[in-house]
Number of protein chains: 2
Amino acid sequence: MGQYGNVEKKRVTIYSVAKEAGVSLATVSRVINESDVVKENTKKRVQEAIVKLGYKPNAVAQGLALKKTTSIALVVPDGSFNYIDKVINGLLDTAKIYKYNIILHTATAGINEMNEIIDNVIKSRADGLILYNDAFSAKEIETLNHFQIPMVYLGNKSEGDTACCVYIDYEKAVYELVSRYLDKGIDDIVVIDDRKNPTSIDLLLKGASEAFEEHGKRFGGFVTIPEDVHNSYEYLSNYFAHNRHQLVITYRDSQAIAVINTCTENNIRIPEDTEVVCIKDSRYTDMFRPRISSFIVPSYDLGALAMRIMTKLLSGDIVRDKEFKLNYVYKAKETTK
Amino acid sequence: MGQYGNVEKKRVTIYSVAKEAGVSLATVSRVINESDVVKENTKKRVQEAIVKLGYKPNAVAQGLALKKTTSIALVVPDGSFNYIDKVINGLLDTAKIYKYNIILHTATAGINEMNEIIDNVIKSRADGLILYNDAFSAKEIETLNHFQIPMVYLGNKSEGDTACCVYIDYEKAVYELVSRYLDKGIDDIVVIDDRKNPTSIDLLLKGASEAFEEHGKRFGGFVTIPEDVHNSYEYLSNYFAHNRHQLVITYRDSQAIAVINTCTENNIRIPEDTEVVCIKDSRYTDMFRPRISSFIVPSYDLGALAMRIMTKLLSGDIVRDKEFKLNYVYKAKETTK
DNA sequence: CAGAAAAATGTAAGGGTTTTCAATACCGCG
DNA sequence: CGCGGTATTGAAAACCCTTACATTTTTCTG
């Protein structure tokens, strides 16, 4: 059985084209690769042969010859598509421009599948690896640093200082937000601490802590969703049915919605009694009622930039900066006063 | 520059292993591929050499030799990740089991990028193509049928009858739903007709029409969002601020939310004045308030099955059925009486 | 128009596997 | 011990390309 089922037509290779055009295969190769040494006349003949035979270069053979595959592996947390939508779009659009293919992998955060993925990346000879790591622990990520694979961390700071990273400075965002509230004398502030997204959440906690410290106070306000809790919505519901706070900060829209729903159901008015801020905006933060106050995050750019950096890395360019922080904008809506 | 940056260690290939183990490369190949003709003793020696050298087979070379890449291309509509989350999960999990890699492509519905994608698929020698096609027009899909690529349509019926398809029988779902309402004497029913998802929407319209016809009535109730409308939320808002209906059927959660928000803002009570049903459930249909009545759709299974079928296709098994319809369950929540 | 330089093209050696077919090693038996 | 046969192993072609280097053709100079 040949490629593509039982098609029995003989394959058309660079040889067929060469024969058809009456040149050597080297010349055909040069035409394909847009080398400018080929005479205009010959080039035309070859191109006609290519069209006539419907020849398409075999990327696998090219990959073998060139020792690169123009494909890069993308690893995202299992079940994350609903919130990394735009990131992936940015990534894919940029990949398309540079003719890279994206091989998609998911890893369940918590279960250390990194070794398995690395294995695959090495076998498949992907040229590089982009890791969307807002849900992976330092330990999981550490696994990656043993390998000499061009890598970009996307969505968070890289701990091992070898790889590039592009992310939003959530630490600063939260710092500014919390400071503002502390200035107003509001200090009953909690951060929803979802242990399934440790790296990102740690930034939030850090930002909040700093702000508190600077105001001579100690930050202790986190609601920790234990790692083994399956239904975090239920967990939060349960908590907020019995606890009140002045300001609740969440990372994901779904958590903000859980908090808001629960408060409303328990006659806690939003924003009068409790204010809620979601760190990352999503298409739903604006569709939900009340509209959820959040930071507006350039997700598309995040993905696009990560891919751009990857291409630079792969083309051998020296990438001087290791950390790329993208800006965010705070947008107060209806869940804050 | 070698594979993976400036690592200068000589590559370890099947030759290195052969040398290390004192056998020929053919034997190493046999060990790798778990051929059972190799003597136990030799096999052990080879395996030790593999471990010692850290050898990983080069999938590119294998691909060339075997004329297959164990990778399959997945095409999804641009910007669809927020709603095909689970489908992709099912697909990837299954792909992992069968050791297939997924190459991810997006195509903007409406702009005919299929040719470009086909080109890529052929160049990259992906073994097959899975098309999530709830947003592609028949014309776009037609392009694909010219090529002898093993293909599975996911999320919708295939028009060209060559390829397999796995989908939810939305037509029947809507038929049943509408019939139920008509039986109750409710006939001011509209379907949100988003021209950006023609194939799926057409099924809805068909299902509704049938039900009406059977009741001796003519169905004319669609609110068509023109293709050139960017912000469909706004469009729907505008419409529902000035029009009332007894039952509104939408395909996506975001459309249902738009309708509900607008109705509420215009003092149209839900579900008392207007009922709303969303065809596909999502994590948000249950988080939104009021909870949105919807069909519960086995999205994960949809993806998993598509991939399973693909593996069957590729292993040369005869796939007798062409159409795989998956079941759905209707779940009345708070937007219906 | 010869000869040198430049331009265009061709030859052949990889790149790392799989697999067919041939060669060798090993077995049991007479 | 020799033979037929089977179990292992090896040699080499094939998969389809790129590219350094060699060769041929073209162009230019005097």
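## The surface near DNA strand C

The surface near DNA strand C has 16 nonpolar, 8 polar and 6 charged residues. The model is predicted. In it, 30 residues lie around DNA strand C. Those that come nearest are A:Arg30, A:Thr42, B:Arg11, B:Ile14 and B:Ser29. What part of the strand faces the protein? Sugar and phosphate account for 64% of the atoms of DNA strand C that come within 4 Å of the protein.

Several helices build this surface. From chain A come α2 (25–32) and α4 (59–66). From chain B come α1 (14–21), α2 (25–32) and α4 (59–66). Each of these helices supplies at least two residues.

## Polar contacts with DNA strand C

Both chains reach phosphate oxygens of this strand. In chain A, a backbone N or O atom of A:Val37 lies 3.3 Å from a phosphate oxygen of DNA strand C. In chain B, side chains take part. A polar side-chain atom of B:Asn33 is 2.9 Å from a phosphate oxygen of the strand. For B:Gln62, an N or O atom of the side chain is 3.1 Å from a phosphate oxygen of DNA strand C.

## The surface near DNA strand D

Now turn to the other strand. Which residues are closest to DNA strand D? They are A:Arg11, A:Ile14, A:Ser29, A:Tyr55 and B:Thr42, out of 26 residues that surround the strand. Sugar and phosphate account for 76% of the atoms of DNA strand D that come within 4 Å of the protein. By class, the surface near DNA strand D divides into 14 nonpolar, 8 polar and 4 charged residues.

Again, helices of both chains contribute. Chain A offers α1 (14–21), α2 and α4, and chain B offers α2 and α4. Each supplies at least two residues of the surface near DNA strand D. Which helix gives the most? It is α4(A), with 4 residues.

## Polar contacts with DNA strand D

Backbone atoms feature here. A polar backbone atom of A:Ile14 is 2.5 Å from a phosphate oxygen of DNA strand D. A polar backbone atom of B:Lys39 lies 2.9 Å from a phosphate oxygen of the strand. B:Ala65 meets a base instead: a polar backbone atom of B:Ala65 is 3.4 Å from a base oxygen of DNA strand D.

## Helix packing in chain A

Look next at α2(A) and α3(A), where α3 spans residues 40–53. Their axes come within 10 Å and cross at roughly 85°. That angle makes α2(A) roughly perpendicular to α3(A), because angles of 65 to 115 degrees count as roughly perpendicular.

Which residues of α2(A) meet α3(A)? They are A:Thr27, A:Val28, A:Val31 and A:Ile32. On the α3(A) side, the partners are A:Thr42, A:Lys43, A:Val46, A:Gln47 and A:Ile50. The residues of this contact divide into 5 nonpolar, 3 polar and 1 charged.

## Helix packing in chain B

In chain B, α2(B) and α3(B) pack at about 85°, with axes 10 Å apart. So α2(B) is roughly perpendicular to α3(B). B:Thr27, B:Val28, B:Val31 and B:Ile32 come from α2(B). They meet B:Thr42, B:Lys43, B:Val46, B:Gln47 and B:Ile50 in α3(B). This contact has 5 nonpolar, 3 polar and 1 charged residues.

## How the two chains relate

Two copies of a chain are related by a rotation about an axis and a shift along it. Here, a rotation of 180° with 0.1 Å of shift along its axis superposes chain B on chain A. The RMSD is 0.2 Å. The two copies are thus related as by a two-fold rotation axis.

Why do the copies meet through the same surface? Of the interface residues of chain B, 98% are also interface residues in chain A, so the copies share that surface.

## Backbone details in chain B

Most residues other than glycine have a negative phi, and most peptide bonds are trans. Chain B has exceptions. B:Glu34 is not a glycine, yet has a positive phi of about 55°. B:Glu34 sits in the loop between α2 and α3 (40–53) of chain B.

Two cis peptide bonds follow. One joins B:Ile270 and B:Pro271, with omega about 10°. B:Pro271 lies in the loop between α11 (253–265) and β9 (275–280) of chain B. Another runs from B:Arg289 to B:Pro290, with omega near 0°. B:Pro290 is in the loop between β9 and β10 (293–296) of chain B.

Conventions. Residues are numbered from 1 along each chain as its sequence is written. Chains are lettered from A and ligands numbered from 1 in the order in which they are written. This is a predicted model: local features need pLDDT of at least 70, side-chain atom pairs count only at pLDDT 80 or more; totals for chains, interfaces and linings use all residues. Side-chain values use heavy atoms; hydrogens and water are left out. Copies are superposed by least squares on the C-alpha atoms of residues with pLDDT of at least 70 in both. Contact means heavy atoms within 4.5 Å. A residue is near a molecule or strand if one of its heavy atoms lies within 4 Å of it. A polar contact is a pair of N or O atoms within 3.5 Å; within protein, one must be able to donate a hydrogen and the other to accept it, and residues adjacent in sequence count only if both atoms are side-chain atoms. Ala, Val, Leu, Ile, Met, Phe, Trp, Tyr, Cys and Pro count as nonpolar, Asp, Glu, Lys and Arg as charged, and the others, Gly among them, as polar. Axes are lines fitted to C-alpha atoms, for helices over the stretch in contact, and angles run from 0 to 180 degrees between N-to-C directions. Angles under 35 degrees count as roughly parallel, over 145 as roughly antiparallel, 65 to 115 as roughly perpendicular and the rest as oblique.
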